[in-house]
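Visitor: I'm new to this one. Could you walk me through how to read it?
Guide: Sure, let's put it on screen and take the features in turn.

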Amino acid sequence: IPVLVWMPFERATPLTSWDAWAIWMLKAKAFYVDGTMSGYLARHEEFVGQPGYPLLVPLYAAFLYVIEGDVADGAAKVISPCFLLALLGVFHHFVRRWTPPVPALAFTAMLAGIPMVDHLGFELAGYAGTALSLYFVAAAGFVYEWYREGGVVNLAGACLAATTAAWTKNEGQFFLAAVLVLVAFQLFRVRTE
């Protein structure tokens, strides 16, 4: 419901952002106008540590521009609310697996009610923190499930989410390293038992 009320007003206003957000949206516009990323990625030696960083948020926006058929700021504004709704869904999924339905719903509602979460989700289009939060929650949930139950699917989910976080923002690289340490520890522990 909040997205349906929010969308008509947001799509009518221009995309406003600053710092890295503006850079990422500018990259998205360049990808769309060029029709390729090859020129950008050909300069990989200019980037330290991670070629093309940050790449996922501009790719999401460029994909939306392709769907819209134009560099549409309104389309880019859909990214953050979608990630916020996905974050709430993933959070609820994992909490629901570990707690009864009412506390799981209450914890999810508390997360949704945090003013900064709503601000990032609905007002700062293209901000990678919302996407990063989704990947962190997903990876942590899958790691926890893998520790509890095992299973290749849980391990793969944790690794995929942590790797995606690493390509979303610098903080994701540290989180990926932490997940890899936890995975290595668990594999070593299981092997020695």
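**Reading the helices, rings and cores**

Guide: Let's start with a single residue: at 0% relative accessibility, Tyr 65 counts as buried. Buried means under 20% relative accessible area, exposed over 50%, and partly exposed in between (1.4 Å probe, protein chains only). This is a predicted model, in which local features need pLDDT of at least 70 and side-chain atom pairs count only at pLDDT 80 or more, while totals for chains, interfaces and linings use all residues. Residues are numbered from 1 along each chain as its sequence is written, and side-chain values use heavy atoms, leaving out hydrogens and water.

Visitor: How many helices and strands are there in the chain?
Guide: Helices (H or I, at least four residues) and strands (E, at least two) are DSSP runs, numbered from the N terminus. Here you get eleven helices and zero strands.

Visitor: What span should helix α6 have, going by 1.5 Å a residue?
Guide: The expected span is 1.5 Å times one less than the number of residues. For the 20 residues of α6 (residues 79-98) that gives 28 Å, and the end C-alpha atoms are 29 Å apart, which agrees. Among the buried residues of α6 are Phe 83, Leu 84 and Phe 94.

Visitor: And how do I read a pair of rings?
Guide: A pair of aromatic rings is described by the distance of the centres and the angle of the planes. Rings of Phe, Tyr and Trp (its six-membered ring) pair if their centres lie within 6.5 Å; planes under 30 degrees apart count as stacked, over 60 as edge-to-face and the rest as tilted. A search of the whole structure finds eight aromatic pairs. Take Tyr 32 and Tyr 65: their ring centres are 6.1 Å apart and their planes sit at 75°, so the pair is edge-to-face. That pair links distant parts of the chain, with Tyr 32 in α2 (residues 19-34) and Tyr 65 in α4 (residues 56-68), 33 residues apart. Tyr 32 is partly exposed, at 24% relative accessible area.

Visitor: Which residues have the most contacts inside the largest nonpolar core?
Guide: A nonpolar core is a set of buried Ala, Val, Leu, Ile, Met, Phe, Trp, Tyr and Cys residues joined through side-chain atoms within 4.5 Å. The largest has 20 residues, and Met 25, Phe 83 and Tyr 135 have the most contacts inside it. Helices α2, α4, α6 and α9 (128-149) each supply at least two residues of this core. Apart from it lies another core of twelve residues, including Val 143 and Phe 175.
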